Amino acid sequence: MASELPHADQKSDPKALADEILNVLRYRVGKDPTVATQHDWLTASIKVVRDRVIDRWIGSTKQAYQGNSKRVYYLSLEFLIGRLMRDAFSNIGMMESMREALSTLGVDLDLIAALEPDAALGNGGLGRLAACFMESMATVGVPGHGYGIRYVNGMFRQEIHDGWQVELPETWLDHGNPWEFERRERSFEIGYGGTVESITDKLGRLERHVWKPQERVLAVAYDTPVVGWRGNRVNTLRLWSGFPVDPILLAAFNAGDHIGALSESNKADALSRVLYPADSSPAGQELRLRQEYFFSAASLQDIVQRHLSVYHDLASLPDKAAIHLNDTHPAVAVAELMRLLLDVHGIDFDEAWRITKGTFAYTNHTLLPEALESWPVPLFERMLPRHMQIIYAINAQVLIEARAAGSFSDAQIRNISLIHEDGDRRVRMGNLAFVGSHSINGVSALHTELMKETVFADLHKLYPDRINNKTNGITQRRWLFQSNTGLSSLIREAIGDRYFDDISALTELDRFADDAAFREKFAAVKRANKERLAAMVAERLGVRVDPSALFDIQIKRIHEYKRQLLNIVEAVALYDQIRSHPERDWMPRVKFFGGKAAPSYHNAKLIIKLANDVARVVNRDPAVRGLLKVVFVPNYNVSAAEIMMPAADLSEQISTAGMEASGTGNMKFGLNGALTIGTLDGANVEMKQHVGDDNIFIFGLKADEVATLRASGYEPRKVIEGSPELSQALSAISSGVFSPDDPNRYRELIDGLYQHDWFLVAADFDAYAATQREVDALWRNSPDWNRKAVHNVARMGWFSSDRTIRQYAQEVWDIPV
């Protein structure tokens with residue numbers, strides 16, 4: 001395997017490892033080899049490697065303490081870490097030795113590795129980015145802790161029933177998690193509700209406030225080691241699980257109220273049960289807020305306690321701790337740290353605010369107003385009364401500062417305020433994160449500039465030195481070395497080993513783009529990856545696809561701005577063209593879709609149904625002659641991505657310009673040799689700069705053109721009526737051609753395109769369809785296609801999360817790397 005490294009441990013030889021595996025199987029799993037299940041072998045294998053990880057983990061922790069190192073605390077509601085076995089085995093350099101050891105015992109490493117469940121701790125790019133960042137922090141030597149929630153059932157497991165998304169609970173913990181360590185000694189009480197008492201001195205002067213919560217739960221820590229490349233550093237992912245202070249109300253139970261006696265236990269359990277509970281109801285909103293405060297408050301108490309175990313006061317907190325907010329979900333941590341400093345540690349407001357701003361940094365991931373969380377003031381005040389007081393105090397200071405500047409209008413002052421006053425009063429969590437942080441960064445160059453011009457324009461005017469850019473990145477260990485071993489081996493054969501430790505060396509591959517023999521090997525690797533995906537689709541869905549066809553893949557969270565609908569409509573138009581013009585030289589194509597829709601997001605779920613309805617009709621139509629197939633892969637997750645991304649010929653990155661913050665799927669596809677078709681949105685802009693204009697397919701309106709079109713009175717009906725292909729495709733969908741059982745199923749969805757088309761599907765359709773025909777033309781010329789694909793791989797090194805983390809360390813966290 002290309003990513004295998006020699007390991008210095010004396011017990012890495014296969015015979016010694018085999019004996020150790022048998023020993024662990026007997027004494028720590030409790031099984032004899034003759035009756036051990038595949039899961040037992042998986043657990044034993046993980047624990048053998050985990051023992052070596054623990055030594056390095058403890059060593060890394062000691063090193064941080066002994067060196068008085070500044071630490072990063074990364075707060076994220078999601079950590080989409082996927083399966084950890086291959087990641088740890090590869091990074092510590094034991095993959096092949098474990099493979100050989102297991103083979104001598106009659107166990108297939110690949111078979112048991114496939115049994116490890118994906119940790120259900122995230123949904124999409126936000127969580128996967130957090131996972132990449134944790135691994136890169138360990139790799140580049142940044143002492144770091146990740147903080148999140150240990151979801152028992154995660155987002156949900158997606159099944160497709162008659163084309164519809166059905167949400168079922170994830171059960172990833174059914175066999176336990178051999179990577180995690182429960183830390184009961186790291187438990188903290190978390191309060192909700194209640195009252196706030198003002199304590200005065202004998203002269204009636206206010207001394208402090210005391211929050212007396214009505215309800216309390218326990219946050220219990222579970223730690224997972226995160227292994228960096230070559231195992232040189234191991235950091236910690238600490239996830240919180242909710243427990244009741246009193247597991248059972250015994251008096252109620254003995255009185256016969258057996259259900260009510262467990263009410264407190266159920267409330268606590270709900271905190272770490274499901275990621276993103278539907279917030280369409282008041283109860284759902286309350287649970288979301290409870291979750292966000294739960295993990296933020298537990299993390300802050302843990303951080304403060306750790307700091308005070310080494311340093312005598314909290315004045316030095318900004319010098320020794322960098323707390324990073326991954327989007328707005330943990331923004332309540334700003335108010336929580338202020339509460340701890342003011343009420344628990346007796347620090348005055350100005351000093352507490354200095355410490356808070358110096359400690360926090362905030363990454364914004366979206367320009368969508370609905371994703372910049374806000375909470376109704378009555379809900380927030382009822383759940384967190386002391387925090388509401390603190391937010392009002394912070395707001396007063398910020399607004400007085402803005403008014404004193406003398407250059408802000410009343411409207412701008414309202415935009416700066418932490419309290420939204422138009423209509424229902426709401427607490428703006430994005431604004432709270434902004435004012436409480438010394439650094440606010442976007443995740444691509446375009447996104448960062450749009451932050452300054454749109455959602456945070458007035459805050460940027462007030463604090464012009466805070467916004468900066470840190471373009472996202474991905475870890476090449478997971479997304480190349482492990483998931484595409486064939487390509488990784490081929491690169492090693494061409495340019496040597498240096499790129500394993502210095503991904504910038506990947507540029508040396510550029511010169512092989514014109515080498516016909518190398519391109520032939522490159523194509524063979526791609527073909528093998530496509531055959532693997534074809535086998536997966538045949539096994540899971542019973543759909544047979546031709547690996548020689550162009551594999552056109554769009555896999556990401558289902559959302560209207562990501563424009564899966566544009567892709568589907570183009571598929572319908574192509575379907576019509578293939579049937580109408582059989583004499584043309586059509587290129588065989590398979591369109592793959594994958595992704596989950598939020599349970600309460602009606603249109604997104606309808607788009608999933610449409611993709612499946614179109615697939616059912618197209619795939620069964622003999623007139624198509626196998627030239628087009630449509631496949632929706634259910635339950636898209638990290639493990640599915642590791643199969644689909646190496647197999648992609650074409651990567652769909654077609655969001656409405658100005659709406660995708662960055663994207664990281666685009667980077668993963670490019671690193672694996674896919675060409676991108678996309679808009680100039682998010683990190684596509686920088687990808688175009690790095691891979692070259694000739695090696696990417698760009699179409700559609702730019703971000704400024706989108707804004708201009710919307711402002712000028714966009715009339716989508718005229719656009720649709722002026723495009724025969726689009727009009728015909730929409731008519732077919734709207735009239736029930738793909739839904740004969742319910743002809744009106746998509747009428748409202750399509751009517752929305754005619755009436756407002758906020759995401760500009762119609763406006764970009766003709767350009768998108770024309771660019772797809774350019775894709776066909778290039779696909780006919782396989783040497784040119786493969787030449788461009790090699791250039792993409794060679795020029796993707798800059799998009800490593802190692803580069804991103806080094807930039808954060810040097811420019812935001814002030815940590816030497």
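I looked up the second largest pocket first and noted about 1300 Å³ of space in it. On a 1 Å grid over the protein atoms alone, a pocket is an open set of points where a 1.4 Å probe fits, with protein on both sides within 12 Å along at least five of seven lines. Its volume is the space filled by probe spheres set on the points. Lining residues have an atom within 4 Å of a point; there are 49 here, and the closest to the pocket centre are Arg83, Ala113, Ala114, Glu116 and Ser639.

The model is predicted, with local features needing pLDDT of at least 70 and side-chain atom pairs 80 or more, while totals for chains, interfaces and linings use all residues. I count residues from 1 along each chain as its sequence is written, and side-chain values use heavy atoms, without hydrogens and water.

Next entry: strand 11 (residues 360–363). Strands are DSSP runs of E, at least two residues, numbered from the N terminus. I found both faces covered: Phe360 and Tyr362 on one side, Ala361 and Thr363 on the other, are all buried (under 20% relative accessible area, 1.4 Å probe, protein chains only). Strand 11 pairs in the parallel sense with strand 10 (residues 321–326) over four bridges; pairing needs at least two DSSP bridges. Leu325 stands opposite Tyr362. Strand 15 (residues 439–442) also runs parallel to strand 11, joined by three bridges, and Asn441 is the bridge partner of Thr363.

Last, I checked Phe380. Beyond four places in sequence, its contacts (heavy atoms within 4.5 Å) include Leu289, Trp375, His387 and Met429.

How values were computed: Buried < 20%, exposed > 50% of the residue type's maximum accessible area, 1.4 Å probe, protein only.
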